[in-house]
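Please work through the exercises below with the sequence and the 3D model open beside you. Each task is followed by a solution that goes step by step.

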Amino acid sequence: MINILVTLIIVFILQLILYSWWWIILVPLILGFLEKDSALKASVGTGLGVFLLWFGMAVYQWKNGGEIIVIRIAEVMGIGSGFVLALATGMVGFLVALVAGYAGFSLRKVLIKEYQIS
Amino acid sequence: MRLFKTILAFAVMLILFNMLNNSQGGIPPLGKFLNPFAGFWQNGEKLDQIDEVLDVNGLRDVVQVVWDERHVPHIFAENTYDVYFAQGFLTARHRLWQMEFQTHVAAGRVSEIIGEKALEFDRMQRRRGLLMAAETTIQRMDEDPDTHLILQAYANGVNTWIESLTPATLPLEYKLLNYEPEVWSTLKTALLLKFMAWDLTGRNSEMDMSIIQATLGEEFVNTFYPENTPHTDPVIPAAKPWRFEAMEPDSIPPAFVPQFVQDLRKDEPDEDNGSNNWAVSGNKTASGFPMLANDPHLGLKLPSIWYEIQLKTPDMNVYGVSMPGAPAVIVGFNKDIAWGVTNAASDVMDWFEIEFKDESYSEYLYMDEWIKSDLRVEEIFIRGEDTVLDSFAITRFGPLVYFGENKLENGHPTGLAMRWSAHDPSNEMLAVRNMNLAADRETFYTAIEDFEAPGQNFAMIARDGDIAIRHNGKYPLRGQDQGKFVRAGRDTLGEWQDWIPYEQLPAISNPWRGFVSSANQNPVGKKYPYYMGWDYDDYERGSRINDRLGDLKKIKFGDMQDLHMDNFNKQAKLMLPFLLKQIDVETLSGEMDTILKDLHGWNYVSAPHEKAAWVYKQWWLHLEKAIWNDELNILGEIRKIPTRSVTARLLLKKSKLVYYDDINTPEQEGRAEIINRAFKQTVLELTNELGPYGEAWELGRARGTDINHLLSVKGLGRTGLYTGGGQGIVNATKKDHGPSWRMLVEMGDRPIAKGIFPGGQSGNPGSPYYDNAVNNWVAGKYYDIHFLDSTDIDLNSKLSLTRLRNYQ
């Protein structure tokens, strides 16, 4: 739960200031690395954080003057509705963050294991 | 195992990053594009928000902008620099991607954006010399301090807007195509002007005419491709006497059979690029004031071709449409005059076959000597690939646009050079600026003298009651039929040696009939001493406009609107009764009887609900094919067929003619036979395409109109519009082409005007102002234009105000 919230808040602040999409890779990667115990928390936790942020922000933009652009892009992409488009946006975020969070967690395990052996 | 998992996780992560950060084929980079903080989600209506105050770097004084209910900016500036700065700034705000993309198209730089698939297109644009022409022109424009100031102010305005953009506020198309805007330069404006010239004068049938003449003979060409087509009522009434001593061209070029064969038509602009304009004097109007109408017919796209704007300074107050990417108003009015344009269609582009010494193309034969050509090397940057260098020769006959495998019989390489008036330096920007300032016919005529290319029929009205039309431009002095065929570029014969003197160009003011008009038809009758070309639009639109204006009295705005939307098909009225008489009803089957009945009952009005209008159109096309496509199938291409009016005259007057026979069949076909056969083929084809005879056959459904996005991205255009009109009809609306701006002006003590274009002010597909005018345009409605004198407005009305302040 904490991971979800922390991911959501950090990515939200960074993206508001610096726009770039790849914060949804970098932040989960780091948070995943900092996660000591659970691969699930590192991956699904950060993934859900990004999902909620991207899905929520997409819906917010859609409902605040984005109706026309959403209808058009849904047609461009062959997607049925604005809701599905927002869901797809959230899912892309989820997938990327999930993989990055797991990669971070996994890296930590490798490094710490090697450190312990040496 | 854990190491392997880690490596695998990182590999998947990097693959995902790569996939989502870069375009994949035609798919935008989804990570960037879907990012709700900077992707397409940000391109909603909030970009339309109007600020009360905007701090802008680079203004010399405060500029006030009144926005009306359609988001037309009315700019009030204290000086010339600021008004064009603000025009650039606000046009970029609405249309940045469109204006920049069009300059990439003009300059042959599309490969930089979409990669190698645009390479051939870019190569052709370079070889046509559009960039070269723009470079020459900008030099000329920069020599004039006023023009330089205007262009630079506009460019500075555009660049100030570009600097204000964030990744979130970038126009949608940059996000779709994954690139960013570059700095705007005055050269880009020159490129747009040259592109407009190409679009309006780049159509030629010289290669086809040469091939037809070589195959079917001179008499065939003279009979079926005449300079004066039947029924044409020229722009300047044919009876007008010409009281000047005309110049004589030096020589008439001899007939010539080119050995370099090239299909020139495949790269050419739309054949229907044309327009209507007319001006009516006060003694024919209800108000007693002169009135003007204009509707330029161009390819219909979104974002719209035009951007509506008012520009006001202490010495200027002008309203109209501008070209996104160029300062000032191209078509519009001020408090004293109003003007509208149609394409002149006179010939300003000739093709010459050049003989080169060897494949270096560095020397060519001229007056029996080898003359050095200039070699121009073009660097074509391709996205994701190595840069391509393309070099081509520049001769005294212009750039060598086509060359390659073909060789002359003597083994020398050859190619086609293009002599085009728009390659010469000119300053149309100064013309437009002075048109915006003009106060009467005299100052207007002085202004348009600088508008050399593309040639236009300028119709105008003035507050003092004048109406006038001028076939304006820079036209080469030609012998009869010079420029109708490809010529040998080997000597002075056929070379352009002089220009028709400006004061001798066709023009007329305040004619006794009380109106002037043009619809791209031949500008003059046989009495005019100069040959200007032959490939003009057919008579129907011009003749219909003149018929109606001749009949109308006490003209009001409603009459002018009705004429803009006039769907009467004059060609059908001429031909359909005759064609129907030829039908052998005994041989008809299925629904053909019903269709025939509908054709008998049709009133020749091509309204959207008319099924007969579409059937007739297709029937006529089948008939043209039946007559011409066999003889004119030469060297693997169907060559240019004669105009509708020439074919119509043949059908009406000649019951027997060798060309009625299909040379590919053993039987001998006659007139009635091909008419019957064409009818049956039409019904069969339409039934296959549209199903049983019914609603789907209505003109508005079977054809209708599609206004596609510039990139033809499905979902960003407006398609399936229920429209009438068509080719040869005053309402020249077609599938993807038609009236790009309908404007009406009455010039009383204060001008009153109406206008509409099929789109909207905004170029953002996420804005309601992107296509808000489309439905009204389809319905033939207009908006009342607010021509403001000051910013003293009632803010409770639908108008709002922005103050642009310099923050430095």
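The exercises that follow treat the two chains, their contacts and their nonpolar cores.

This is a predicted model, in which local features need pLDDT of at least 70 and side-chain atom pairs count only at pLDDT 80 or more, while totals for chains, interfaces and linings use all residues. Residues are numbered from 1 along each chain as its sequence is written, and chains are lettered from A in the order in which they are written.

**Exercise 1.** Describe the confidence and the overall dimensions of chain B.

*Solution.* Begin with pLDDT, the predictor's confidence in each residue from 0 to 100: chain B averages 94, and 100% of its residues score at least 70. For the complex, the predictor gives an ipTM of 0.96 and a pTM of 0.96. Next, take the radius of gyration, calculated over C-alpha atoms, with a globule rule of 2.2 Å times the number of residues to the power 0.38. Chain B has 28 Å, which agrees with the value near 28 Å for a compact globule because the chain has 808 residues. Along the principal axes, its C-alpha atoms fill a box of roughly 80 × 75 × 65 Å.

**Exercise 2.** Set out the secondary structure and burial of chain A.

*Solution.* Helices (H or I, at least four residues) and strands (E, at least two) are DSSP runs numbered from the N terminus; chain A has five helices and zero strands. Then consider burial, where a residue is buried if 20 or more other C-beta atoms lie within 10 Å of its own, exposed if 12 or fewer, and partly exposed in between, with C-beta atoms placed from the backbone. Of the 118 residues of chain A, 47% count as buried.

**Exercise 3.** Characterise the side of chain B that touches chain A.

*Solution.* Two residues are in contact if their C-beta atoms, placed from the backbone, lie within 7 Å, and 38 residues of chain B are in contact with 30 residues of chain A. Helix 1 of chain B supplies the largest share of the chain B side, 12 residues.

**Exercise 4.** Locate the nonpolar cores.

*Solution.* A nonpolar core is a set of buried Ala, Val, Leu, Ile, Met, Phe, Trp, Tyr and Cys residues joined through C-beta atoms within 7 Å. The largest core has 175 residues, and B:Ala86, B:Leu191, B:Ala279, B:Met460 and B:Ile461 touch the most other members. Helix 3 (residues 80-107) of chain B gives this core its largest share, 15 residues. Apart from this core lies another, of 47 residues, including A:Leu8, A:Ala58, A:Ala103 and B:Met13.
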